[in-house]
Amino acid sequence: FAIALVSAGLFTSLQSCAQNEDKSKRPSPPAKVSEKIASGATITIDYSQPSVKGRTIGKDIEPMEGQVWRTGANEATVFETDKAIKVGGQTLPAGKYALFTIFNGDDVTVIFNKTANQWGAYKYKAEEDALRIKTKATAASPAAEKLRFDVSPNAVSFVWGNKKVSFPVS
């Protein structure tokens, strides 16, 4: 009984410490961008910024060719819109979504998944997708050491290493 009691206490204290973790001290720290687009909707992207650190994207670090990527690090990137918007000409209702991508060369599938609160892409389920669009990756100039998202009046883009991915929003 004493061993079980000590084990339960240890488990509870470890969980408490994990919940109070300072995310800014992670190797891939949190970042957030929030902007109003031309249609009047506010888009907020909450993500963690991995760093290239001399590694090769697609070989040493994500995204891997043909695999679902959380489009960031740590928890899945969260894409939120306060009003329904058009993404690549398709309607995305107001709400919070996990933002995933799949790279196949320069062809990129951008995925808005209904399960916004999830760790990475480990429990990703395609049947929970709210919307998928296709776009192209282009050369980034300059290259980005850290993943960076930008929201402009008519587009969302991110730069990671030597690739830039953009998609229209309205």
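**How the labels are earned**

Author: In this predicted model, the accessible surface of the protein comes to about 9400 Å², with 54% of that belonging to carbon and sulfur atoms.

Reader: And what makes a residue buried here, and how many of the 170 residues are buried?

Author: A residue is called buried when its relative accessible area is under 20%. Buried residues make up 41% of the 170 in the protein.

Reader: Why is strand β4 called mostly covered?

Author: Four of the five residues in β4 (residues 77-81) are buried. Those four are under the 20% cut-off, so "mostly covered" is a fair label for the strand.

Reader: How do you know that β4 pairs with strand β2?

Author: Pairing takes at least two bridges between the strands. There are four bridges between β2 (residues 42-48) and β4, so the two count as paired. They run antiparallel, and one of the bridges puts Ile-45 with Phe-79 in β4.

Reader: What makes β4 and strand β7 a pair?

Author: Here the bridge count is five, again in the antiparallel sense, with β7 covering residues 95-104. Five satisfies the "at least two" rule, so β4 and β7 are paired as well. Thr-81 stands opposite Gly-95 in β7.

Reader: Zooming out, which elements does the protein have, and in what order?

Author: One helix and 10 strands. From the N terminus on, the helix comes ahead of the strands: α-β-β-β-β-β-β-β-β-β-β.

Reader: What share of the contacts links residues 24 or more positions apart?

Author: Among contacts with a separation of 6 or more, such residues account for 53%. A pair counts as a contact when heavy atoms lie within 4.5 Å.

Terms used
Residues numbered from 1 in each chain as written. Predicted model: local features only at pLDDT ≥ 70, side-chain atom pairs only at ≥ 80, totals over all residues. Heavy atoms only, no water. Buried < 20%, exposed > 50% of the residue type's maximum accessible area, 1.4 Å probe, protein only. Areas by Shrake-Rupley, 256 points an atom, 1.4 Å probe, with all protein chains shown as cover.
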